[in-house]
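Here is a short report for a reader new to this structure. Look over the sequence and the model first, then read on.

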Amino acid sequence: MRTRATIATAALLLTALTACSSSGDAPAASDSGTPAAEPTVSVPAAHEGDDLKAAVAVYTAAYFAADTDTAYAMLSARCAQQIAKDAYTGVVRQAKTDYGPDHPATDVQADVSGDLGLATYKVDGLPKFDQTKQPWTLEGDAWKYDAC
């Protein structure tokens with residue numbers, strides 16, 4: 001019985017959509033009304049730092065792989081002003097030479113407050129690179145490393 005009801009509902013929806021579609025001969029609709037407010041989406045507290053956690057993972061992987069373009073692009077504007085890309089390239093290349101590329105960030109924890117974030121994480125196999133409350137900043141829609 002449910003299957004028939006589902007099929008019937010789908011058929012009604014398809015019919016309604018077909019009836020509402022416009023043909024190529026119809027004049028374009030104008031929008032002279034007031035724009036509707038954008039819906040507000042709230043992130044559950046348990047996931048507020050997910051984007052920062054992802055940024056930490058990408059940055060750490062890029063750093064040890066000597067992916068200078070990715071890692072340098074993840075520096076905050078403030079940090080990018082303090083270190084030239086050529087100098088930074090030398091740093092990440094040396095890190096790859098000294099330690100190899102396979103040292104992902106693990107146990108990443110993020111504390112986010114507005115556009116400021118603090119990341120605490122371990123670097124697999126390299127405890128001397130483990131971080132506690134490493135500063136990050138949200139610039140535009142991307143988290144940027146701000147521990148320069």
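## A residue in strand β3

L138 lies in strand β3. The model is a predicted one. With a relative accessibility of 27%, L138 counts as partly exposed, because that class runs between the limits of 20% for buried and 50% for exposed.

Leaving aside residues up to four places away in sequence, L138 touches D115 and W143. S76 is another residue to look for. L138 and S76 are 62 residues apart in sequence. In space, their C-alpha atoms are 8.4 Å apart.

## Helix α5

Helix α5 covers residues 85-99, which makes 15 residues. At 1.5 Å a residue, α5 should span 21 Å. The C-alpha atoms at its ends are 21 Å apart, so the model agrees with the expected span.

Which residues of α5 are buried? They are Y88, T89, V92 and A95. These residues cover an arc of only 125° around the axis, so they sit on the same side of α5. The other side of α5 has the exposed residues D86, R93 and T97.

What do the buried residues of α5 pack against? Their partners are α2, residues 50-64, and α3, residues 68-73. After α5 comes G100. The phi of G100 is positive, near 85°.

## The disulfide

How many disulfides does a search of the whole structure find? It finds one. The disulfide joins C79 to C148, with an S to S distance of 2.1 Å. It links distant parts of the chain, 69 residues apart. C79 is in helix α4, residues 77-82. C148 is in the segment after β4, and β4 itself covers 142-145.

The torsion about the S-S bond of C79 and C148 is about -85°, so this disulfide is left-handed. Are its two cysteines buried or exposed? C79 has 1% relative accessibility and therefore counts as buried. C148 has 44% relative accessibility, so C148 counts as partly exposed.

## Aromatic pairs

The count of aromatic pairs comes to nine. One of them is Y59 with W136. Their ring centres are 5.8 Å apart and their planes stand at 90°, so the pair is edge-to-face. This pair links distant parts of the chain. Y59 is in helix α2, and W136 is in strand β3, residues 131-139. In sequence, Y59 and W136 are 77 residues apart. Both Y59 and W136 are buried.

Y59 also forms an aromatic pair with Y145. This one is stacked. The centres of the Y59 and Y145 rings are 4.7 Å apart, with 15° between the planes. The pair again joins distant parts of the chain, 86 residues apart: Y59 in helix α2 and Y145 in strand β4. Both Y59 and Y145 are buried.

## The ring cluster

Which residues do ring pairs link into a cluster? They are Y59, Y63, F64, Y99, F129, W136 and Y145. Among them is W136, which lies in strand β3, as does L138.

Key. Residues numbered from 1 in each chain as written. Predicted model: local features only at pLDDT ≥ 70, side-chain atom pairs only at ≥ 80, totals over all residues. Heavy atoms only, no water. Helix = DSSP H or I, 4+ residues; strand = E, 2+ residues; numbered from the N terminus. Expected span 1.5 Å × (residues − 1). Buried < 20%, exposed > 50% of the residue type's maximum accessible area, 1.4 Å probe, protein only. Arc of directions from axis to C-beta. Contact = heavy atoms within 4.5 Å. Disulfide = S-S within 2.5 Å. Phe/Tyr/Trp six-rings, centres within 6.5 Å; stacked < 30°, edge-to-face > 60°.
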